[in-house]
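Good morning, and thank you for making time for this presentation. I would ask you to keep the sequence and the structure in view as I speak.

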Amino acid sequence: MTVAAALAGHFVVSALLVIWLRSRWRRGLDLRLPGLLAVSTPVLGPAGVVAVLFSALFHAVFRRHATGFHDWYLSLFPESETAPAQELFELIVSGREQAHVAASESFTDVMTVGTPVQKQAVIALVSRHFRPAFTPALKLGLADSDPSVRVQAATATARVEHEFNERWLALDESVREDPEDPVRRTALARHLDAYAFCGLLDTNREAELREKALAGYHQALDRAPGDGTLRHDLGRLLLRLGHVEEAERIMAPLIADGAERGVLVWYAECLFRLGRFDDLRGLCRTHAAVMRGGAATPDALGSVVNLWAGGDAVAMESAA
(Lines give C-alpha, C1' and ligand atoms only; values in the text may rest on other atoms or scores of the structure.)
Protein backbone atom coordinates (compact mmCIF):
# COMPACT_ATOMS: atom_id res chain seq x y z
CA MET A 1 0.00 0.00 0.00
CA THR A 2 2.89 2.37 0.77
CA VAL A 3 4.41 1.83 -2.70
CA ALA A 4 1.03 2.24 -4.38
CA ALA A 5 0.35 5.44 -2.45
CA ALA A 6 3.78 6.80 -3.40
CA LEU A 7 3.21 6.05 -7.08
CA ALA A 8 -0.25 7.61 -6.96
CA GLY A 9 1.14 10.74 -5.31
CA HIS A 10 3.93 10.89 -7.93
CA PHE A 11 1.43 10.74 -10.80
CA VAL A 12 -0.77 13.39 -9.16
CA VAL A 13 2.17 15.76 -8.65
CA SER A 14 3.33 15.21 -12.24
CA ALA A 15 -0.16 15.90 -13.56
CA LEU A 16 -0.45 19.08 -11.50
CA LEU A 17 2.91 20.27 -12.84
CA VAL A 18 1.71 19.71 -16.43
CA ILE A 19 -1.52 21.61 -15.71
CA TRP A 20 0.50 24.46 -14.11
CA LEU A 21 2.88 24.59 -17.10
CA ARG A 22 -0.04 24.72 -19.53
CA SER A 23 -1.58 27.56 -17.51
CA ARG A 24 1.66 29.57 -17.70
CA TRP A 25 1.90 28.90 -21.43
CA ARG A 26 -1.62 30.29 -21.99
CA ARG A 27 -0.73 33.45 -20.07
CA GLY A 28 2.51 33.92 -22.02
CA LEU A 29 4.78 33.55 -18.98
CA ASP A 30 8.34 32.25 -18.88
CA LEU A 31 8.42 28.45 -19.33
CA ARG A 32 12.11 27.63 -18.97
CA LEU A 33 12.42 26.57 -15.33
CA PRO A 34 8.78 25.41 -15.01
CA GLY A 35 9.24 23.33 -18.14
CA LEU A 36 12.43 21.82 -16.75
CA LEU A 37 10.60 21.02 -13.51
CA ALA A 38 7.67 19.40 -15.37
CA VAL A 39 10.06 17.24 -17.41
CA SER A 40 12.51 16.22 -14.69
CA THR A 41 10.02 15.49 -11.87
CA PRO A 42 8.17 12.59 -13.59
CA VAL A 43 11.51 10.98 -14.48
CA LEU A 44 13.67 11.72 -11.43
CA GLY A 45 11.09 12.31 -8.73
CA PRO A 46 12.33 14.35 -5.72
CA ALA A 47 15.84 14.40 -7.18
CA GLY A 48 14.48 16.28 -10.20
CA VAL A 49 12.88 18.88 -7.95
CA VAL A 50 16.16 19.38 -6.05
CA ALA A 51 18.11 19.70 -9.33
CA VAL A 52 15.70 22.32 -10.65
CA LEU A 53 15.94 24.27 -7.38
CA PHE A 54 19.73 24.33 -7.68
CA SER A 55 19.38 25.44 -11.32
CA ALA A 56 17.08 28.29 -10.28
CA LEU A 57 19.55 29.32 -7.59
CA PHE A 58 22.52 29.33 -9.95
CA HIS A 59 20.49 31.15 -12.59
CA ALA A 60 19.62 33.90 -10.11
CA VAL A 61 23.29 34.29 -9.16
CA PHE A 62 24.88 34.22 -12.61
CA ARG A 63 22.28 36.28 -14.46
CA ARG A 64 23.54 39.39 -12.65
CA HIS A 65 26.89 39.17 -14.44
CA ALA A 66 26.03 37.28 -17.64
CA THR A 67 25.86 39.00 -21.04
CA GLY A 68 22.66 38.46 -22.96
CA PHE A 69 22.81 36.81 -26.37
CA HIS A 70 21.67 39.97 -28.17
CA ASP A 71 24.32 42.11 -26.46
CA TRP A 72 26.97 39.46 -27.12
CA TYR A 73 26.07 39.28 -30.80
CA LEU A 74 26.17 43.05 -31.18
CA SER A 75 29.57 43.15 -29.46
CA LEU A 76 30.96 40.94 -32.24
CA PHE A 77 30.06 43.55 -34.86
CA PRO A 78 30.08 46.95 -33.15
CA GLU A 79 28.87 50.04 -34.96
CA SER A 80 31.48 52.18 -36.65
CA GLU A 81 32.97 54.87 -34.49
CA THR A 82 32.90 58.46 -35.69
CA ALA A 83 36.27 59.46 -34.21
CA PRO A 84 38.71 60.75 -36.87
CA ALA A 85 41.32 58.11 -36.01
CA GLN A 86 38.78 55.32 -36.32
CA GLU A 87 37.52 56.73 -39.64
CA LEU A 88 41.07 56.75 -41.01
CA PHE A 89 41.56 53.19 -39.78
CA GLU A 90 38.33 52.15 -41.51
CA LEU A 91 39.42 53.81 -44.76
CA ILE A 92 42.80 52.11 -44.83
CA VAL A 93 41.91 48.64 -43.60
CA SER A 94 38.63 48.24 -45.50
CA GLY A 95 40.41 49.04 -48.74
CA ARG A 96 38.55 52.20 -49.79
CA GLU A 97 41.88 53.97 -50.42
CA GLN A 98 43.49 51.02 -52.18
CA ALA A 99 42.60 48.05 -54.35
CA HIS A 100 40.60 45.20 -52.85
CA VAL A 101 43.48 42.84 -53.49
CA ALA A 102 45.84 44.99 -51.43
CA ALA A 103 43.25 45.19 -48.68
CA SER A 104 42.82 41.41 -48.69
CA GLU A 105 46.58 41.01 -48.32
CA SER A 106 46.51 43.34 -45.32
CA PHE A 107 43.65 41.35 -43.82
CA THR A 108 45.41 38.02 -44.24
CA ASP A 109 48.60 39.45 -42.72
CA VAL A 110 46.69 40.56 -39.63
CA MET A 111 44.86 37.21 -39.41
CA THR A 112 48.22 35.43 -39.56
CA VAL A 113 50.34 37.41 -37.08
CA GLY A 114 47.90 39.76 -35.30
CA THR A 115 46.60 39.65 -31.76
CA PRO A 116 43.11 38.26 -31.03
CA VAL A 117 41.76 41.80 -30.66
CA GLN A 118 43.22 42.83 -34.03
CA LYS A 119 41.83 39.69 -35.67
CA GLN A 120 38.37 40.38 -34.24
CA ALA A 121 38.53 43.95 -35.57
CA VAL A 122 39.43 42.67 -39.05
CA ILE A 123 36.59 40.11 -39.03
CA ALA A 124 34.12 42.82 -38.00
CA LEU A 125 35.28 45.04 -40.86
CA VAL A 126 35.19 42.17 -43.36
CA SER A 127 31.63 41.31 -42.39
CA ARG A 128 30.49 44.90 -42.93
CA HIS A 129 32.39 45.51 -46.20
CA PHE A 130 32.50 41.98 -47.60
CA ARG A 131 34.10 41.34 -50.99
CA PRO A 132 35.13 37.97 -52.47
CA ALA A 133 38.77 39.03 -52.06
CA PHE A 134 38.23 39.05 -48.28
CA THR A 135 37.25 35.36 -48.12
CA PRO A 136 40.81 34.14 -47.28
CA ALA A 137 40.75 36.31 -44.14
CA LEU A 138 37.48 34.72 -43.01
CA LYS A 139 38.83 31.23 -43.67
CA LEU A 140 41.93 32.00 -41.62
CA GLY A 141 39.63 33.13 -38.81
CA LEU A 142 37.69 29.86 -38.99
CA ALA A 143 40.95 27.94 -38.52
CA ASP A 144 42.41 30.22 -35.84
CA SER A 145 43.69 28.74 -32.57
CA ASP A 146 41.75 31.27 -30.48
CA PRO A 147 38.15 30.09 -29.83
CA SER A 148 36.79 33.65 -29.70
CA VAL A 149 38.22 34.38 -33.16
CA ARG A 150 36.79 31.14 -34.56
CA VAL A 151 33.34 31.90 -33.13
CA GLN A 152 33.35 35.42 -34.54
CA ALA A 153 34.57 34.22 -37.96
CA ALA A 154 31.84 31.56 -38.05
CA THR A 155 29.24 34.16 -37.08
CA ALA A 156 30.54 36.55 -39.75
CA THR A 157 30.43 33.80 -42.38
CA ALA A 158 26.86 32.93 -41.45
CA ARG A 159 25.95 36.61 -41.57
CA VAL A 160 27.42 37.05 -45.06
CA GLU A 161 25.63 33.94 -46.34
CA HIS A 162 22.38 35.09 -44.74
CA GLU A 163 22.63 38.47 -46.46
CA PHE A 164 23.30 36.77 -49.81
CA ASN A 165 20.29 34.49 -49.35
CA GLU A 166 18.00 37.32 -48.26
CA ARG A 167 18.98 39.33 -51.32
CA TRP A 168 18.46 36.26 -53.51
CA LEU A 169 14.93 35.75 -52.20
CA ALA A 170 14.07 39.41 -52.74
CA LEU A 171 15.38 39.42 -56.33
CA ASP A 172 13.67 36.11 -57.11
CA GLU A 173 10.37 37.51 -55.90
CA SER A 174 10.94 40.60 -58.03
CA VAL A 175 11.44 38.42 -61.14
CA ARG A 176 8.24 36.49 -60.39
CA GLU A 177 6.30 39.76 -60.30
CA ASP A 178 7.50 40.71 -63.80
CA PRO A 179 9.20 37.81 -65.64
CA GLU A 180 9.61 39.81 -68.85
CA ASP A 181 11.67 42.61 -67.27
CA PRO A 182 15.32 42.11 -68.37
CA VAL A 183 16.60 44.46 -65.66
CA ARG A 184 15.20 42.28 -62.89
CA ARG A 185 16.48 39.08 -64.47
CA THR A 186 19.92 40.63 -64.91
CA ALA A 187 20.03 41.75 -61.28
CA LEU A 188 19.17 38.22 -60.11
CA ALA A 189 21.74 36.60 -62.41
CA ARG A 190 24.48 39.01 -61.29
CA HIS A 191 23.68 38.34 -57.66
CA LEU A 192 23.88 34.57 -58.15
CA ASP A 193 27.14 35.02 -60.07
CA ALA A 194 28.59 37.08 -57.22
CA TYR A 195 27.30 34.60 -54.63
CA ALA A 196 28.99 31.70 -56.45
CA PHE A 197 32.21 33.72 -56.69
CA CYS A 198 32.34 34.68 -52.99
CA GLY A 199 34.44 31.62 -52.11
CA LEU A 200 32.37 30.57 -49.08
CA LEU A 201 30.43 27.75 -50.78
CA ASP A 202 31.31 24.14 -51.46
CA THR A 203 32.05 23.04 -55.03
CA ASN A 204 28.63 21.55 -55.75
CA ARG A 205 26.72 24.55 -54.42
CA GLU A 206 28.97 26.94 -56.35
CA ALA A 207 28.42 25.01 -59.60
CA GLU A 208 24.65 24.98 -59.02
CA LEU A 209 24.52 28.76 -58.51
CA ARG A 210 26.65 29.43 -61.57
CA GLU A 211 24.33 27.32 -63.72
CA LYS A 212 21.36 29.31 -62.38
CA ALA A 213 23.20 32.56 -63.09
CA LEU A 214 24.04 31.37 -66.61
CA ALA A 215 20.39 30.58 -67.34
CA GLY A 216 19.36 33.98 -65.95
CA TYR A 217 21.92 35.81 -68.12
CA HIS A 218 20.70 34.01 -71.25
CA GLN A 219 17.06 34.81 -70.47
CA ALA A 220 17.90 38.46 -69.86
CA LEU A 221 19.99 38.71 -73.03
CA ASP A 222 17.12 37.28 -75.08
CA ARG A 223 15.01 40.21 -73.87
CA ALA A 224 17.74 42.87 -74.13
CA PRO A 225 20.24 41.80 -76.85
CA GLY A 226 21.74 45.27 -77.05
CA ASP A 227 22.85 45.47 -73.41
CA GLY A 228 26.67 45.59 -73.56
CA THR A 229 27.21 45.23 -69.83
CA LEU A 230 25.01 42.15 -69.79
CA ARG A 231 27.01 40.64 -72.66
CA HIS A 232 30.23 41.28 -70.77
CA ASP A 233 28.94 39.61 -67.60
CA LEU A 234 27.61 36.61 -69.52
CA GLY A 235 30.83 36.22 -71.49
CA ARG A 236 32.92 36.37 -68.32
CA LEU A 237 30.81 33.66 -66.66
CA LEU A 238 30.94 31.47 -69.79
CA LEU A 239 34.72 31.79 -69.80
CA ARG A 240 34.93 30.81 -66.13
CA LEU A 241 32.78 27.76 -66.86
CA GLY A 242 35.04 26.74 -69.76
CA HIS A 243 32.62 27.61 -72.60
CA VAL A 244 35.31 29.58 -74.44
CA GLU A 245 33.84 29.58 -77.95
CA GLU A 246 30.45 30.76 -76.75
CA ALA A 247 32.08 33.43 -74.57
CA GLU A 248 34.01 34.75 -77.58
CA ARG A 249 30.85 34.82 -79.69
CA ILE A 250 28.94 36.73 -77.00
CA MET A 251 31.65 39.37 -76.47
CA ALA A 252 32.72 39.84 -80.09
CA PRO A 253 30.06 42.53 -80.85
CA LEU A 254 31.40 44.61 -77.96
CA ILE A 255 34.87 44.72 -79.49
CA ALA A 256 33.50 45.99 -82.78
CA ASP A 257 31.74 48.83 -80.95
CA GLY A 258 34.89 49.86 -79.04
CA ALA A 259 34.96 48.17 -75.68
CA GLU A 260 36.29 49.17 -72.30
CA ARG A 261 39.47 47.71 -70.83
CA GLY A 262 37.67 45.01 -68.79
CA VAL A 263 35.88 43.66 -71.86
CA LEU A 264 39.08 43.75 -73.93
CA VAL A 265 41.01 41.80 -71.32
CA TRP A 266 38.38 39.07 -71.06
CA TYR A 267 38.09 38.90 -74.87
CA ALA A 268 41.86 38.58 -75.13
CA GLU A 269 41.66 35.64 -72.72
CA CYS A 270 39.11 34.02 -75.03
CA LEU A 271 41.37 34.44 -78.05
CA PHE A 272 44.34 33.04 -76.16
CA ARG A 273 42.46 29.93 -75.01
CA LEU A 274 41.16 29.37 -78.55
CA GLY A 275 44.70 29.58 -79.94
CA ARG A 276 43.86 32.52 -82.20
CA PHE A 277 47.21 34.24 -81.66
CA ASP A 278 47.09 36.40 -84.79
CA ASP A 279 43.76 37.86 -83.70
CA LEU A 280 45.16 38.37 -80.21
CA ARG A 281 48.13 40.31 -81.59
CA GLY A 282 45.82 42.47 -83.67
CA LEU A 283 43.60 43.15 -80.66
CA CYS A 284 46.55 44.20 -78.52
CA ARG A 285 47.96 46.45 -81.25
CA THR A 286 44.62 48.13 -81.96
CA HIS A 287 43.60 48.63 -78.34
CA ALA A 288 46.99 48.74 -76.61
CA ALA A 289 46.42 52.12 -74.96
CA VAL A 290 43.03 51.11 -73.55
CA MET A 291 44.21 47.69 -72.36
CA ARG A 292 47.24 49.11 -70.58
CA GLY A 293 44.93 51.46 -68.70
CA GLY A 294 46.22 53.84 -66.06
CA ALA A 295 48.00 53.57 -62.75
CA ALA A 296 45.48 51.02 -61.47
CA THR A 297 46.56 48.45 -64.09
CA PRO A 298 48.92 45.79 -62.70
CA ASP A 299 52.43 45.94 -64.13
CA ALA A 300 52.18 42.31 -65.25
CA LEU A 301 49.13 43.04 -67.40
CA GLY A 302 50.81 46.01 -69.04
CA SER A 303 53.86 43.87 -69.84
CA VAL A 304 51.71 41.15 -71.39
CA VAL A 305 49.89 43.67 -73.58
CA ASN A 306 53.20 45.17 -74.72
CA LEU A 307 54.52 41.69 -75.50
CA TRP A 308 51.58 40.73 -77.70
CA ALA A 309 51.31 44.17 -79.28
CA GLY A 310 54.91 44.65 -80.39
CA GLY A 311 57.06 41.61 -79.65
CA ASP A 312 58.57 39.16 -82.05
CA ALA A 313 55.98 36.68 -83.32
CA VAL A 314 58.08 33.58 -82.62
CA ALA A 315 58.99 34.78 -79.14
CA MET A 316 55.35 35.51 -78.36
CA GLU A 317 54.16 32.07 -79.44
CA SER A 318 56.99 30.47 -77.43
CA ALA A 319 55.87 32.43 -74.37
CA ALA A 320 52.28 31.37 -74.98
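Let me begin with a convention: two helix axes count as roughly parallel when the angle between them is under 35 degrees. I should also say at once that what we have here is a predicted model.

First, the overall composition. The chain contains 18 helices and zero strands. It has 320 residues, and 33% of them count as buried. If we take the contacts between residues at least 6 apart in sequence, 53% join residues at least 24 apart.

I turn now to the packing of two helices. In general, a packed pair is described by the angle between the two axes and by the distance between those axes. Helix α7 spans residues 116-128, and it packs against α9 at an angle of about 0°, the axes being 10 Å apart. With the cut-off for roughly parallel at under 35 degrees, α7 and α9 are therefore roughly parallel to each other. On the α7 side, the contact is made by Pro 116, Lys 119, Gln 120, Ile 123, Ala 124 and Ser 127. On the α9 side, the residues are Ser 148, Val 149, Gln 152, Ala 153, Ala 156 and Arg 159. By character, the residues of this contact divide into six nonpolar, four polar and two charged.

Staying with α9, consider Thr 157, which is found in this helix, residues 147-177. Is Thr 157 buried or exposed? Its relative accessible area is 11%, and buried means under 20%, so Thr 157 is buried. Leaving out residues up to four places away in sequence, Thr 157 touches Leu 138, Leu 142 and Leu 200.

That brings me to the interior. The largest nonpolar core has 56 residues, and within this core Phe 130 and Leu 283 have the most contacts. Which helix gives the largest share of this core? That helix is α9, with eight residues. As for Phe 130, its contacts beyond four places in sequence are with Thr 135, Leu 138, Val 160, Phe 164, Cys 198 and Leu 200. Two of these names have already come up: Leu 138 and Leu 200 are also touched by Thr 157.

Next, the charged pairs. In general, side chains of opposite charge can pair when their charged atoms come close. How many salt bridges does the structure hold? The count is 17, and I shall go through three of them.

One of them is in α9, where the side chains of Arg 176 and Glu 173 meet at 3.7 Å, N to O. Both residues lie in this helix, three residues apart, which is about one turn. Arg 176 is exposed, with a relative accessible area of 56%, whereas Glu 173 counts as partly exposed at 40% relative accessibility. This pair also belongs to a network of salt bridges that links Asp 172, Glu 173 and Arg 176.

Another is in helix α11, residues 203-223, where Arg 205 and Glu 208 are three residues apart and so separated by about one helical turn. Their side chains meet in a salt bridge of 3.4 Å, N to O. Arg 205 counts as partly exposed at 26% relative accessibility, and Glu 208 is partly exposed with a relative accessible area of 37%.

The remaining example joins the side chains of Asp 233 and Arg 236, at 3.4 Å, N to O. These two residues are three apart in helix α12, residues 228-240, and are therefore separated by about one helical turn. Asp 233 is buried, with a relative accessible area of 7%.

Finally, let me return to α11 for two of its residues. Leu 214 is found in this helix, and at 9% relative accessibility Leu 214 counts as buried. The C-alpha atoms of Leu 214 and Asp 233 are separated by 9.6 Å, with their positions 19 residues apart along the chain. Outside its neighbours up to four places away, Leu 214 touches Leu 234, Leu 237, Leu 238, Leu 241 and His 243.

Arg 210 lies in α11 as well. What is the relative accessible area of Arg 210? The value is 11%, so this arginine is buried. With residues up to four places away set aside, Arg 210 touches Ala 196, Phe 197, Leu 237, Arg 240 and Leu 241. Leu 237 and Leu 241 were also named among the residues that Leu 214 touches.

Methods: Residues numbered from 1 in each chain as written. Predicted model: local features only at pLDDT ≥ 70, side-chain atom pairs only at ≥ 80, totals over all residues. Heavy atoms only, no water. Helix = DSSP H or I, 4+ residues; strand = E, 2+ residues; numbered from the N terminus. Buried < 20%, exposed > 50% of the residue type's maximum accessible area, 1.4 Å probe, protein only. Contact = heavy atoms within 4.5 Å. Axes fitted to C-alpha atoms, helices over the stretch in contact; angles between N-to-C directions. Parallel < 35°, antiparallel > 145°, perpendicular 65-115°, else oblique. Nonpolar A, V, L, I, M, F, W, Y, C, P; charged D, E, K, R; others polar. Core = buried A, V, L, I, M, F, W, Y, C linked by side-chain atoms within 4.5 Å. Salt bridge = Lys/Arg side-chain N within 4 Å of Asp/Glu carboxyl O.
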